[in-house]
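This report concerns a single protein chain. The sequence and the structure are shown below for reference.

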Amino acid sequence: MQIHRATSYWTIAIMTALPVWPDIELMEKARKQLIRQTALSAMEELTKMACIGAPLWIVGNTGSDTYTIREEEYQRMFLRAMRPMLTGFECESSRETAVIRINPHKLVEILMNTRLWAAVFAGIVARASTHEVLTPGVAGNYDGALQVLTAEFRAPSHLVPTREAYFARYCRCYEDGSWAVVDVSLDSLCPSPLGRCIRRPSGCLIHEMPNGCSKVTWVEHVDVDDRGVHYMYKAFVKSGLAFGAKCWISILDRQCERLANVMAPCLPTTDPKIMEGRRSMLNLAERIVAGFCGGLSVSNGQTWTALCGRGDDEVRIMIRKTVADFGSPLGIVLNAAISFRLPFGPKRVFDFLRSLDTRTQWDVLSCGGGVEEIAHVASGRETGDRVSLFLVISADGTYKNMLVLQETWISPTGCFLVYAPVEVVAMLTVLDGVDSSHVKVLPSGFAIVPDGRPIRNAGRHVETSQSGGSLVTAQFQILVDSDPTARLRIDSITAVNAIVRGTVYRIKNAMGGSGTGYI
C-alpha cells in the first residue's frame, strides 16, 4: 500500500513537472486557418490594386511607361499591409494590362498547375514546387483553390542573383465571370534565411474577351534584397524589366502567340504530316530555349556546378556531367557565359545577330563558310519572331553534316536569339513528325536587354534613347568529352574561354562598338 502511494506520488510529481505538450493537430489547424486568412486578405488587396488608378499608381521615373505604386498612398489605403522593411530590402512595384490570346479558364489552369506555370514562364521561373494543397478547388475548377509554393525567379544574366520566395497562391472566380489569382509570401509563418524576395499581394485579374481572348491585368509588388546584383544590371533590374509585371505579361503573350501559330495550319489543304513535322520542330525549339534559360543563372537544385568566373570581365564557366539524359549528349558539358555592354539599342544588336549576311562575322560554326535557311515557321506577330532551320556551309562550299535550329523573338523587355546544332538524320526524323524529345541538343545564344538608361516602349518593340545601349549575355554549352567519368582537362576550359571571348570580340569589332569593358 505504501509502495502504491509512493508510486502515485512520484507519478503525480513527474507529471506536474513536465511541460504541457501542445496539441499538434490544433496547431496545424490554426496554421492552415492563418494561411487562408492571409490569402483572403491578399485577394482583396490585389483586386483593388488591379482596378484603382491614380493616385495609387503613377508612371515610374525610370523612363519607361511602367506604372509603380506611390508608397504613401498605398500605406494609407491598406493599413493592414503596413510592415517594417527588412534591412537591405527595397520595394518594387509594377502593373501592366494587355489582351492575350488565351481564354480565362486555360490561363487559370496554367497558373494553378505548378509544372505548367514553370514551363510557360521558363524565362523567369527557374524552379518551382508545390508544398501542399490546402484547398483543391470547387466543382471541378480552381475556384477557391489554395496552394503553398516555393519558387525561384531569374533574370537573363548570371550577374543577377535569383530570387527565392515561399508563398501561398489563391484563386477565385467572381460573379461577373472574372478570375483572380494572387500570391502572398508566408515568411511571417516560416521565415527563410535564403529568401531574397517577399511577395506582397501580387498576381493577375482576368476578364473574358471576345474571340477566345482575355484581358489580363498583372500586378507585381515585392520587397527584395538586390545588393547582390552586379552594378552593370542594377538600372535594368530597377526599371522593372527583369522581374516586373511587363516581363510576366510579355512572356505570357509570346507563349500564347507561339501556341496559336503552332496550331494554325499554313493553308487549308496543308498535309497533316507537314503539320506534325512543324509542331515537332517547334517543340524541339522550345526545349532548346528552356535549356538556354536554365543555363543563364545559378539556381538551387540545378544540375550545373560553377567552376570559375564571378567578376566583371570573367567568363563564368559551369560544368555538368551527363550520364543518362535522353535529351542531352552523354559526357562532360561546359556552360560558358559572359555579359557585356554595347552602345546600341537591343533591336539593332538583335538584327545584326540574326542576319544571315552578318552571321559569319561572329558565329564559330559558320566562320569561313556560311549558313542557308531551308525552313522557317513564324512564332509570333513580329518579323523577328521565328523558328529557323539552317544548313551550315563549309569554307569550300560543301554542306556540313549538321543543321542549326534557331529561335528568335523580340519583346518589350528584351530580344533573344537561341540556337543549337542538330545532326541531319535526327532532324529529318523530327520533320517527319516523330517525337523530338530523343534529339540531343546543347543550346547557345544571346539575351539582349536595355541597359536601363532612359527608355521608351514603342508598341511591342524595345527602343532606347540616343544615350541608351544594350546589355548582352552570351552563353555557350559545349561538349568537351564524351566520357562522363573522365577528368576535366584545363585546356578544355582554356579553349571554351577562348571561344567565348573570341565571339564577343568579333561582335564588337563588326558592330563598331567597344562597349565599356566587361570583357
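The sections that follow treat model confidence, nonpolar cores, aromatic pairs, salt bridges, strand pairing and backbone geometry.

## Model and confidence

The structure is a predicted model. The mean pLDDT of the protein is 84, and 84% of its residues reach a value of 70 or more.

Two stretches have pLDDT below 50, namely residues 1-18 and residues 515-519. Beyond near neighbours in sequence, residues 1-18 make 0 contacts in the model, whereas residues 515-519 make 19.

## Nonpolar cores

In soluble globular proteins, nonpolar side chains tend to be buried together. The largest nonpolar core in this model comprises 48 residues. Helix α7 supplies the largest share of this core, with 7 residues. The residues with the most contacts inside the core are L111, W117, F121, F153, W218 and Y233. When neighbours within four places in sequence are left aside, L111 is in contact with W117, F121, R169, V181, C204, I206 and W218.

Another core, of 36 residues, lies apart from the largest one. Its members include I317, F344, V371 and Y419.

## Aromatic pairs

The model contains 12 aromatic pairs. One of them is formed by Y74 and F78, whose ring centres are 5.3 Å apart. The planes of these two rings meet at 45 degrees, and the pair is classed as tilted. Both Y74 and F78 are buried.

Ring pairs also link W117, F121, F153, W218 and W248 into a cluster. Of these aromatic residues, W117, F121, F153 and W218 are also listed among the residues with the most contacts inside the largest nonpolar core.

## Salt bridges

Side chains of opposite charge can pair when their charged atoms come close. The count of salt bridges in the model is 28. One of these joins K48 to E44, with the closest N and O atoms 3.5 Å apart. Both residues lie in helix α2 (residues 24-51), where a separation of 4 residues corresponds to about one turn of the helix. K48 counts as partly exposed because its relative accessibility is 38%, and E44 is likewise partly exposed, at 36%.

Other salt bridges connect separate elements. D183 pairs with R199, the closest N and O atoms being 3.4 Å apart. D183 belongs to strand β7 (residues 179-185) and R199 to strand β8 (residues 197-199), so this pair ties together parts that are 16 residues apart in sequence. Both D183 and R199 are buried. R254 and E407 form a further salt bridge, with a closest N to O separation of 3.0 Å. Because R254 lies in helix α7 (residues 245-263) and E407 in strand β16 (residues 399-411), the pair ties together parts 153 residues apart in sequence. Both R254 and E407 are buried. In addition, salt bridges that share partners join R101, D253, E257 and R381 into one network.

## Strand pairing around β12

Strand β12 (residues 316-322) is mostly covered, with 6 of its 7 residues buried. Strand β11 (residues 305-308) pairs with β12 in the antiparallel sense over 3 bridges. In this pairing, C308 stands opposite I317 of β12. I317 is also among the residues of the 36-residue core.

Strand β12 is also joined to strand β13 (residues 331-342), by 7 bridges, and these two strands run antiparallel. Here the bridge partner of K321 is I332 in β13. Strand β13 also contains F340, which counts as buried because its relative accessibility is 0%. The C-alpha atoms of F340 and K508 are separated by 9.9 Å, although the two residues are 168 residues apart along the chain.

## Backbone geometry in loops

Two loop positions merit mention for their backbone geometry. The peptide bond from A54 to P55 is cis, with omega near 5 degrees. P55 is found in the loop between α2 and β1 (57-59).

N211 has a phi near 60 degrees, a positive value in a residue other than glycine. This residue, N211, is located in the loop between β9 (202-209) and β10 (213-224). N211 is exposed because its relative accessible area, 76%, is over the 50% cut-off.

Notes
Residues numbered from 1 in each chain as written. Predicted model: local features only at pLDDT ≥ 70, side-chain atom pairs only at ≥ 80, totals over all residues. Heavy atoms only, no water. Salt bridge = Lys/Arg side-chain N within 4 Å of Asp/Glu carboxyl O. Buried < 20%, exposed > 50% of the residue type's maximum accessible area, 1.4 Å probe, protein only. Core = buried A, V, L, I, M, F, W, Y, C linked by side-chain atoms within 4.5 Å. Contact = heavy atoms within 4.5 Å. pLDDT = per-residue confidence, 0-100. Pairing = 2+ DSSP bridges. Phe/Tyr/Trp six-rings, centres within 6.5 Å; stacked < 30°, edge-to-face > 60°.
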